[in-house]
Amino acid sequence: AAGREGYIRRTKTVCTYCGVGCAFEVWTKDRHILKIEPTHGPANGVSTCIKGKFAWDHVGSPQRLTRPLIRENGAFREADWDEALALIARRLGALRTEHGPDALAFITSSKCTNEESFLMQKLARSVIGTNNVDNCSRYCQSPATMGLWRTVGYGGDSGSITDLERAGLVIGIGTNTAESHPVLATRVKRAQKLRGQKLIVADLREHEMARRADLFLRPNPGSDFVWLNAVSRYLLDQGLENRAFLDRWVSGLDAFRASLDAYTLEYAEAVTGLSGETLRQVAHEIAQADGVCIMWAMGVTQQMSGSETSTAISNLLLLTGNYMRPGAGSYPLRGHNNVQGASDMGSMPGHVTGYQRVDDPAVRAAYAAEWGTELPTTAGLDNHQMIHAIHAGTLRGLYLKGEDISLVDANANYVDAALEKLDFLVVQEMFFSHTASFADVVLPASPSLEKDGTFTNTERRIQRLNQALPPLGDSRPDWQIIQGVANALGAGWSYAHPVEVMDEIARLTPLYAGVTYERLAGFASLQWPVQPDGTDTPLLFTDGFPFPDGRARLYPAEFIPRTEPPDAQYDLHLNNGRMLEHFHEGNMTFRTAGITAQVPGAFVEVSPDLACERGLTDGTLVRLVSRHGAVKLPALVTARVQGQQLYVPMNSPDAAQAVNRLTGSHTDPSTHTPAYKDTAVRLEVIGGT
Ligand code: SF4
């Protein structure tokens, strides 16, 4: 037995998929992954979902990139690292000299570690001299963060995942929690079963959580803002607000009340399709509950009014006193394993680490002292603005890691056309992604199991992942690659290990001030803000809110209607999102044979009514056509969707079938998050299967 133990390594790591942040040990022998064993995960206990348990074939996939690739005469050839890094430095340097630093942009990945996202923005700001840096929270969670900044000051879950079980009432809005955040959903399912916790779900689709709900609301697409405000107004009209909490902790009640004038139950009925009686019931459930947690995700944020609806959610929680205690509060459910961390690390144009403004003189002074270079002064571009700037000819070079932007950004055909126009594109990836096909240089990166570093999950929990396997072939962890690029540009960085990066993050970032690798040993974790002495914050807002007067702010928000309501030419509403088995564009999960055997590709869900009207059965091939593109998909007839609404999962192994061939470039104006859920299409029957 002792001999066998000697061959087998057990390494604690953190799941590379969703924002729940399940921690577990991975058992390996040589390069073989023997099993995933959850034992002490602070977010997950002994649970994982199908992805965390089984979706690891990507790590040893023969399709992994193992050497840098350079485009030459229209084809790619293998190169060594020295040649690839020298070429990148030469081309980026030339573009900077010729067009200025703001002709270059950088996109980090929410699958990468905190340390790697930190280094990406350091490369952009300190080596190149531009604030043009962003991450994929622009595609998903930025509106939730905006809503929380406006109202309570911190853009994160207000409590812990385990606290959800203590709520009297959980409300899920635009979140398919059982498939998108499966282990978190089990907390709610268990509390409902064992404690009689109430569950209200508002969504277009009747997914598992909707079927489990005590009350299932099916509002018209894009109308959540209206019913939320109508509930807030009804509560005020009935005197059901939490007056003691408002008096002590909240400002702005009069202006907020005035902003609700139009939101009568009658108006809400007309806009949302929900009955006044249903909304009265929701209001009374909230008023009576011993603690309300509201979870929300892309069904809310990927709308024209994503920031406004997120604000309305937080307003409702403030109005009813549902902050400042476990079992109450806001739970924006972060999608990627490290989407929270990528934003925490300052991979955003307007902010450096810990949401410190890049134009704050004190912050600029601290960074100048640490880095020896001034932060750039020009306002940076976000992901969405970068694509427009490429089309306009002002952005000439792009360096992105771990983002298959030509599949996951909205209006994929427009994005592809932009990538074709670039003077120079560097893609850092595990696989030859669709985006890589546009690159000038492709750099082979490592998956999570081949890395040291930290991830920060949806509940602000910072956890260590430890390297379980050596990098495959000549691939490298992203932090080493970024350091290589920086040094080829003359930066002179000398990080020997990610721990040195985290020490620098802690020096520069009050939210991470007390984070050390010693305090994250084993299954230990810290939830930010972390004080210098290591005291962390499982529950935000225990003694007020992070505004000068310590009071939260009711924020009058404004409804922004849909841009693409169905019309005569495009008569169907298209919704999109995740499925349990696959993750995002599918670059990792479609490389796991067992998962792909279960769900081999994308499809379009069609309601029984629409199927009957158009003569569709399961497998009938249809063409969906929007104002922005077209895809061919097999139909799946299901009562999960209703009437003239369709649903296509965002995961597809075929770039031509990607749902973002259909979505448009219209965005939430406050954050530029694309309104992915606001798409009108027509359906043409091709036939056959
Ligand atoms: Fe946990 Fe999410 Fe990973 Fe599933 S995908 S194991 S729920 S972190």
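I take two strands as paired if DSSP finds at least two bridges between them. The model I am working from is predicted.

**Parallel sheet**

I looked up β12 and β13 first. Strand β12 covers residues 292-296, and 4 bridges join it to β13, with the two running parallel. I then asked which residue of β13 is the bridge partner of methionine 295. I found tyrosine 331 there.

I next traced the sheet that holds this pair. It is an open sheet of 5 strands with parallel pairing, and I noted the order as β10-β9-β8-β12-β13. The edge positions belong to β10 (215-217) and β13 (329-332); each has a single partner strand, so one side of each lacks a neighbour in the sheet. From one strand to the next, I have the twist averaging 15 degrees.

**N-terminal strands**

I moved to β1, β2 and β3. Strand β1 (residues 8-14) pairs with strand β2 (residues 23-29) over 7 bridges, in the antiparallel sense. In this pairing I find arginine 9 opposite threonine 28 of β2.

On to β3 (residues 32-37): β2 is joined to it by 5 bridges, again antiparallel. Here tryptophan 27 stands opposite lysine 35 in β3. I logged β2 and β3 as a hairpin with 2 residues between the strands. In the turn, aspartate 30 has a positive phi of about 55 degrees.

**Ligand shell**

I listed the residues around the ligand and got 14. The closest are Cys15, Cys18, Cys22, Cys49 and Gly52. Which helices each supply at least two residues of this shell? I have α2 (50-54) and α7 (182-195) down for that. Sorted by class, the shell holds 8 nonpolar, 5 polar and 1 charged residues.

**Nonpolar cores**

In soluble globular proteins, nonpolar side chains tend to be buried together, so I checked for cores. The largest nonpolar core has 194 residues. Those with the most contacts inside this core are Leu123, Val231, Leu279, Val292, Ile294 and Val604. I asked which helix gives the most to the core, and it is α9 (residues 224-237), with 8 residues.

I followed up on valine 604. Leaving out residues up to four places away in sequence, valine 604 touches Val622, Leu624, Leu633, Ala635, Leu636, Leu646 and Val648. Apart from the largest core, I found another one of 5 residues, including Met304, Ile560, Ala675 and Tyr676.

Definitions and conventions: Residues numbered from 1 in each chain as written. Predicted model: local features only at pLDDT ≥ 70, side-chain atom pairs only at ≥ 80, totals over all residues. Near = placed C-beta within 6 Å. Helix = DSSP H or I, 4+ residues; strand = E, 2+ residues; numbered from the N terminus. Nonpolar A, V, L, I, M, F, W, Y, C, P; charged D, E, K, R; others polar. Core = buried A, V, L, I, M, F, W, Y, C linked by C-beta atoms within 7 Å. Buried ≥ 20, exposed ≤ 12 C-beta atoms within 10 Å, placed from the backbone. Contact = placed C-beta atoms within 7 Å. Axes fitted to C-alpha atoms, helices over the stretch in contact; angles between N-to-C directions.
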